[in-house]
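Could you show me around this structure, one selection at a time? I have it open in a viewer and would like to know what to click on next.

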Amino acid sequence: VPRPSQDALTLLTKIGVETSLRYAIQMIIASALVCAKRKGVEVEVEDIKKVYSLFVDVKRSTQFLVEYQNEFLFSEMQDNDADMTDART
């Protein structure tokens with residue numbers, strides 16, 4: 001199993017503090033897989049950045065949903081319900 005470099009550990013610590021321990025642990029595992037795929041012997045910051053761009057934490061996921069809530073299907077369903085209510089009156 002590849003071990004993280006000192007810079008990678010610092011970044012993972014920062015991610016764990018800003019998000020959650022669960023997310024940081026998942027980042028460690030996924031980053032080790034990325035490192036192994038590139039046949040590296042040490043997890044580097046670039047491996048973590050790649051994983052970070054692919055998997056979002058709860059805070060970023062919630063922010064994304066709030067930002068784009070009008071573009072999701074459930075928004076269209078609410079609009080259709082409003083149209084049906086208007087048609088009944």
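Here is a short tour of this predicted model, stop by stop.

**Stop 1: the core.** Begin by selecting Ala-8, Leu-12, Ile-15, Tyr-23, Met-27, Ala-30, Ala-32, Cys-35, Val-43, Ile-48 and Val-51. These 11 residues form the largest nonpolar core of the model. Now colour the helices: α1, α2 (21–37) and α3 (45–54) each contribute at least two residues to this core. The top contributor is α2, with five residues. As background, nonpolar side chains in soluble globular proteins tend to be buried together.

**Stop 2: two sides of a helix.** Keep α3 in view and pick out Asp-47, Ile-48 and Val-51, the buried residues of this helix. Why do they lie on the same side of α3? They cover an arc of only 95° around the axis, and that places them on one and the same side. A general point helps here: an α-helix has 3.6 residues a turn, so residues three or four places apart point the same way. Add α1, α2 and β2 (42–43) to your selection, and you will have the elements that the buried residues of α3 pack against. Then turn to the other side of α3, where Glu-46 and Ser-53 are exposed.

**Stop 3: a serine in a loop.** Go next to Ser-5, in the loop that lies between β1 (3–4) and α1 (6–18). Is Ser-5 buried or exposed? Its relative accessibility is 7%, so Ser-5 counts as buried, the cut-off being under 20%. Look for a polar atom of the Ser-5 side chain, which lies 3.2 Å from the backbone nitrogen of Ala-8. Leaving aside residues up to four places away in sequence, Ser-5 touches Glu-42, Val-43 and Glu-44.

**Stop 4: around Tyr-23.** Select Tyr-23, one of the core residues from the first stop. Not counting residues up to four places away in sequence, Tyr-23 touches Ile-15, Tyr-52, Phe-55, Val-56, Asp-57 and Arg-60. Two of these partners, Tyr-52 and Arg-60, deserve a look together: the charged end of Arg-60 sits over the ring of Tyr-52, 3.7 Å from the ring centre.

**Stop 5: a pair of rings.** Finish with the model's one aromatic pair. The rings of Phe-64 and Tyr-68 have centres 4.8 Å apart and planes at 45°, so this pair is tilted. Phe-64 has 43% relative accessibility and counts as partly exposed. Tyr-68, at 31%, also counts as partly exposed.

Technical notes
Residues numbered from 1 in each chain as written. Predicted model: local features only at pLDDT ≥ 70, side-chain atom pairs only at ≥ 80, totals over all residues. Heavy atoms only, no water. Phe/Tyr/Trp six-rings, centres within 6.5 Å; stacked < 30°, edge-to-face > 60°. Buried < 20%, exposed > 50% of the residue type's maximum accessible area, 1.4 Å probe, protein only. Lys NZ or Arg CZ within 6 Å of the ring centre and 35° of its normal. Helix = DSSP H or I, 4+ residues; strand = E, 2+ residues; numbered from the N terminus. Polar contact = N/O pair within 3.5 Å; in protein donor to acceptor, adjacent residues only side chain to side chain. Contact = heavy atoms within 4.5 Å. Core = buried A, V, L, I, M, F, W, Y, C linked by side-chain atoms within 4.5 Å. Arc of directions from axis to C-beta.
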